[in-house]
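This report is meant for a reader who has not seen this structure before. Please look over the sequence and the model first, then read on.

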Amino acid sequence: MNKETLSGYKGDALQALKKAGAEIGDILRVTKDDRTYEGILIPRSENGNHKHIVLKMRNGYNVGVQITPTTKIERIGVGAKPTFQPPPLPKQKENLPKVAILSTGGTIASRVDYRTGGVRPALTANDLYSVVPELADIAVIDAEIVFSLFSENITPKHWTEISKNVAKHIEKGKSGIVIAHGTDTLGYTAAALSFALQNLPVPVVLVGSQRSADRPSSDAATNLLGAVQAAATAPFAEVVVCMHESISDEAIVFHRGTKARKCHTSRRDAFKSINALPVARLRDGKLSMLVEDYNKRESNRKLVLKPDFDEKVALVKFYPGMNPKTIDWHVENGYKGIVLEGTGLGHVGNHLFPAVRKAIEQNVIVAMASQCIWGRLGMTVYDTGRDLLAMGVVPLDDMLAETALVKLMWVLGQTKNTDEAKRLLKTNIAHEFSPCSMYEEEKQYDD
Amino acid sequence: MTIDYAKVGLKAGLEIHQQLNTSAKLFCNCPPKLFTEEPTITFLRRLRPTQSELGQIDPAAFFEFQKGVKILYEANNETSCLVEMDEEPPHQLNPEALEIALLVGLLMNAKPIDEVYVMRKTVIDGSNTTGFQRTCVVAMDGEIMVKDKKIPIQHIGLEEDAARKTGEEGNVIRYRIDRLGIPLIEIATAPVIYSPKEAEEVALAIGRILRATGKVKRGLGSIRQDLNVSIPNGALIEIKGVQELELVSVVIEREVERQLNLIKIKEELQKRTIKKEELKEEFSNVTPVFQQTECKVIKTALSKGKQVFAVKLPKFTGLLKKELTTGIRLGSEMADRARFWGKVGGIFHTDELPAYGITKEETEKLKKTMNATDQDAVVFVADSKGNAFDALKAVAERAREALEGVPEETRAANPDGTTRYMRPRPGAARMYPETDVPPIQVKPEYLAQLRSQLPELPEQKMQRLMMDYALNEKLARQVLDSEYSQLFEVIVQNCGVSATTVAVALTETLKALKREGFAVENVSDEQFIELFRAVGSGELAKEAIPDVLGWLAKNETATVAQAVENLGLGTLKPEELERIIDDAIRDNAALVKERGTAAFGALMGIIMKQARGKAKAESVSELLKKKLKQFA
Ligand SMILES: [Zn+2]
């Protein structure tokens with residue numbers, strides 16, 4: 001008997017179950033004092049205590065039974081292992097556009113094992129067709145599992161890997177690429193791909209969901225269908241993030257990879273385009289462009305892949321009373337770039353000036369973005385801003401702090417020359433800078 | 001039809017859902033209350049049936065999804081937050097609600113669960129924004145005694161109430177989410193109830209125990225009884241949402257009657273030797289028959305470009321109009337199905353024609369078109385081809401089921417005690433764990449503490465009501481069974497009004513007002529207390545209580561003072577009363593002269609006409625007697 005057959009159980013509970021020869025999925029009868037419970041043995045959460053076992057009773061409810069020295073456990077039935085019998089797959093239409101769906105860990109489709117309560121992700125093309133059959137009317141799917149990670153565990157190395165995978169599928173002639181990704185760091189990955197995948201011939205659409213795919217109310221299927229439709233037919237060829245526009249299941253919007261930010265912990269419309277309009281909106285099956293200046297789909301265009309990132313870059317948020325040693329530490333530990341998330345128009349307290357100056361003298365690129373999230377820097381307005389500029393701090397205008405971090409990593413992955421790096425950092429590569437701050441852009445955030 | 005239920009072999013079980021009067025909802029901090037104003041927030045959703053590991057999807061749910069059914073949710077900030085909108089994970093299970101459920105469990109001798117797990121029960125009709133209802137079992141294997149019979153209580157659970165349906169337009173269903181998340185306690189009995197009357201007694205007994213906690217909501221909709229009813233050769237039918245206790249027995253009576261008549265129809269169909277294969281899903285376009293029709297429904301449909309489609313039910317003539325139970329015919333059962341599956345407004349059938357503006361000629365022409373003989377019935381609908389075909393398919397299916405007797409299905413209770421088709425019976429409970437809410441351990445020390453503070457049981461309370469408040473047995477029982485038993489004691493202890501007056505007002509008076517159509521559940525505890533304070537202090541005569549309650553029922557947010565002013569009530573000042581009496585004696589001087597003090601009765605009647613509700617009858621009679629003596 002190994003760990004898997006009694007997953008999650010420890011201590012007294014594990015001993016008692018072992019003694020009874022029970023495995024997960026077996027039907028047990030547990031007698032304790034004057035009561036008897038009968039049900040299927042369910043795995044226990046890793047963080048649960050060592051004293052209870054969990055049974056799923058015939059009426060479908062789970063109950064936890066505390067094991068005492070007098071508790072009797074009998075195994076009265078062997079668990080039947082669930083065998084998945086998928087419904088017939090929808091018919092493939094070979095003349096439809098071909099779309100790759102790369103999964104990185106965001107569960108965009110899943111099914112529930114009501115017998116044990118387990119939720120299993122659907123990852124292969126057939127799984128996806130089976131759970132979201134409408135996909136078959138939009139595109140021919142080529143599904144690939146790149147890795148299975150919670151998005152907070154994704155690093156710049158993974159951005160590189162995803163970029164190369166996208167390039168491979170574009171090479172194979174796909175009409176578009178969909179990347180399923182957990183939402184927490186989806187914005188960072190989107191920015192990274194925006195820089196790594198240049199001269200795109202087709203759209204690259206990152207998609208996530210804010211409600212898990214096992215629930216009927218999930219936004220996952222709607223978002224996935226929107227993402228696949230855009231990948232297959234949208235007129236733009238850019239890296240975008242595809243999510244709900246509001247809390248209704250009505251419209252899907254496509255945010256630019258460099259401008260998308262997760263702004264809410266739980267809402268379906270958590271992602272917003274910051275200091276920019278979304279690129280397009282999909283409503284009632286129709287996609288409409290919201291911007292005029294975009295890179296158009298052109299399947300003959302040759303992709304330029306620049307997948308390297310230098311991880312020795314930090315995003316440092318300034319706060320009142322911040323210790324300047326925070327900056328020193330990064331310099332001493334070999335960091336090549338620091339993005340300061342300053343206050344307001346682009347400020348940090350003047351007690352940090354010596355540390356900033358020292359960093360720049362040691363050829364560390366120090367850039368500035370604002371912690372206000374919305375708006376543009378204005379570092380020539382006050383003395384503090386002017387002083388920082390004089391030291392050589394690079395102002396990043398209306399660029400998102402997170403995008404600034406990713407861009408500096410990418411820039412230092414392309415060149416080690418400080419002047420060249422600064423020039424690249426200030427060059428608008430993937431719409432990370434907006435030429436004007438438009439009033440209209442803010443209107444979308446009004447409720 | 002009188003039925004010998006023992007002979008019929010009736011078996012019924014109850015599942016009682018009662019809203020708890022907690023300060024917050026079950027999984028968030030919103031107040032558990034409803035709103036009547038226009039919603040300030042609306043959002044549109046679709047629910048997608050989740051596939052199970054076995055590849056199965058609930059057929060009814062998938063059908064609704066394919067039809068493109070959308071749900072428009074209505075909300076406001078006062079009654080719901082992001083949790084109800086399914087935009088934020090649930091908070092922890094409300095400990096106040098859990099405690100009430102555990103108390104009820106202990107009162108019913110049930111065994112509390114060591115570690116309580118919140119589950120997700122798939123519900124995809126839109127009544128839950130998540131697509132599932134959060135529910136948990138708190139205690140199991142209890143029992144209560146009802147008329148010396150042991151009624152096993154299978155489980156005591158806690159679950160979130162659903163959103164309430166506010167409308168349906170085309171394929172958009174509207175739900176209001178104010179009710180969503182209000183804690184409900186669920187009590188399920190074993191199916192050991194053998195007569196409608198017994199069901200009502202069991203429901204009453206459970207209601208008494210629930211009220212004993214003092215923590216349950218009152219008023220229409222705060223308690224809902226689900227019933228499962230079966231008879232041999234019939235089927236196990238689940239009936240949802242019986243809102244009034246008095247209806248429990250009626251619903252069971254009607255259901256048994258319905259099943260018995262369906263069995264009769266089955267026997268008749270066997271006699272007529274119909275085979276399932278003969279009931280084909282072949283639909284004909286019969287629009288030409290109705291080109292000149294005077295039938296308004298069909299005329300309107302045709303003007304909107306819809307068409308008329310029909311299906312033949314061979315050898316079914318006469319059976320569609322056969323009454324199953326009051327107001328329900330086999331035809332109406334088919335219409336229910338057609339409405340559910342086809343989203344049509346209704347169906348027509350030859351058993352009821354000519355009628356509705358459809359002439360005899362049209363009926364004949366229709367039968368001819370359909371090659372129907374006098375043995376056959378024809379069912380038709382006027383709608384789009386898609387809807388009409390779905391509707392007629394459902395009709396044919398229901399006809400085939402009639403060959404088997406009673407189809408298993410979930411039905412919903414109507415306010416008159418009849419029931420209607422709600423949906424096919426769901427398969428095995430589709431439950432899986434609510435992983436967002438951690439399991440709750442119920443510790444022995446906590447249970448010991450609860451055991452030491454159990455509320456008194458109904459029978460003990462009955463004794464105490466009679467002893468402490470000197471109520472007679474009838475009044476005491478009425479108070480015990482009333483939703484106001486808690487409030488009764490508060491009022492008697494605080495307002496200085498006699499217990500009997502309060503008891504009569506809270507039971508008989510309210511019942512009478514309700515019968516007259518007053519929405520007395522609108523009167524709040526605060527308004528009751530204010531009213532009895534006024535009576536206790538002599539500002540208001542107790543005779544005015546019914547009028548004030550009636551007025552308050554219509555004016556939810558008003559004060560008692562406003563009621564008194566609007567009704568022209570209030571106690572007369574001594575000098576005002578004296579003037580009324582003096583006027584009466586003067587106006588009837590001849591009578592007084594003739595009869596002396598014996599004129600009392602006649603005068604009293606005249607005076608009370610003006611003073612009712614404004615002066616105590618005792619004070620009037622006292623003063624009148626004094627005055628008459630002066631004249632005599
Ligand atoms: Zn709430």
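Four bridges connect strand β6 (residues 119-122) of chain B with β7(B), and the two strands run antiparallel. Within this pairing, Lys121(B) has Gln133(B) of β7(B) as its bridge partner. The model is a predicted one, and the strand just named is a useful place to start reading it.

**Strand β7 of chain B and its partners**

Strand β7 of chain B covers residues 132-146. Is this strand largely enclosed or not, and why? Twelve of its 15 residues are buried, so the strand is largely enclosed by the rest of the structure. A residue counts as buried here when its relative accessible area is under 20%.

Besides β6(B), strand β4 (residues 111-112) of chain B also pairs with β7(B), through two bridges and in the antiparallel sense. In that pairing, Pro112(B) is matched with Ala139(B) of β7(B). Strand β8 (residues 149-160) of chain B is another antiparallel partner of β7(B), and ten bridges hold between them. One of the matched pairs there is Gly142(B) with Ile153(B), the latter in β8(B). β7(B) and β8(B) form a hairpin that leaves two residues between the strands. In the turn, Lys147(B) has a positive phi of about 50 degrees.

In a regular strand, side chains alternate between the two faces of the sheet.

**A sheet shared by both chains**

Which strands make up the open sheet of seven strands, and in what order? The order is β5(A)-β1(A)-β2(A)-β3(A)-β4(A)-β5(B)-β23(B), and the pairing is antiparallel. The edge strands are β5 (72-77) of chain A and β23 (440-441) of chain B, each of which pairs on one side only.

Inside this sheet, strand β1 (residues 27-32) of chain A pairs with strand β2 (residues 35-42) of chain A in the antiparallel sense, over six bridges. Leu28(A) has Gly39(A) as its bridge partner in β2(A).

**The two chains as wholes**

The table sets out the overall values for each chain.

| Chain | Residues | Buried | Helices and strands | C-alpha extent along principal axes | Accessible surface |
|---|---|---|---|---|---|
| Chain A | 447 residues | 57% of residues | eleven helices, 23 strands | roughly 80 × 60 × 40 Å | about 19000 Å² |
| Chain B | 632 residues | 55% of residues | 21 helices, 23 strands | about 95 × 70 × 55 Å | about 27900 Å² |

Carbon and sulfur atoms supply 51% of the accessible surface of chain A. In chain B they supply 50% of the exposed area.

Contacts in chain A with a separation of 6 or more in sequence come in 69% of cases from residues 24 or more positions apart. In chain B, 73% of the contacts between residues at least 6 apart join residues at least 24 apart.

As for charge, chain A carries 56 positive and 51 negative side chains, with the centres of the two sets 4 Å apart. Chain B carries 88 positive and 93 negative side chains, and the centres of its two sets lie 4 Å apart.

**Confidence in chain A**

The mean pLDDT of chain A is 91, and 94% of its residues reach 70 or more. Over residues 442-447 of chain A, pLDDT stays under 50. For this stretch the model has nine contacts beyond four places in sequence.

**Two single residues**

Lys98(A) lies in strand β6 (residues 98-103) of chain A. Its relative accessible area is 38%, so Lys98(A) counts as partly exposed. Which residues does Lys98(A) touch, not counting residues up to four places away in sequence? They are Val140(A), Lys174(A), Ser175(A) and Gly176(A). Ile138(A) is 40 residues from Lys98(A) along the chain, and the C-alpha atoms of the two are separated by 9.2 Å.

Arg477(B) belongs to helix α12 (residues 473-481) of chain B. With 27% relative accessibility, Arg477(B) is likewise partly exposed. Leaving aside neighbours within four places in sequence, Arg477(B) is in contact with Arg208(B), Glu459(B) and Met462(B). Thr418(B) is 59 residues from Arg477(B) along the chain, and 30 Å separates their C-alpha atoms.

Technical notes. Residues are numbered from 1 along each chain as its sequence is written. Chains are lettered from A and ligands numbered from 1 in the order in which they are written. Side-chain values use heavy atoms; hydrogens and water are left out. pLDDT is the predictor's confidence in each residue, from 0 to 100. Contact means heavy atoms within 4.5 Å. Buried means under 20% relative accessible area, exposed over 50%, partly exposed in between (1.4 Å probe, protein chains only). Accessible areas come from the Shrake-Rupley method with a 1.4 Å probe; for residues, only the protein chains shown count as cover. Lys and Arg count as positive and Asp and Glu as negative; His and the chain ends are not counted. The place of a charge is taken as NZ of Lys, CZ of Arg, CG of Asp or CD of Glu. Two strands pair if DSSP finds at least two bridges between them.
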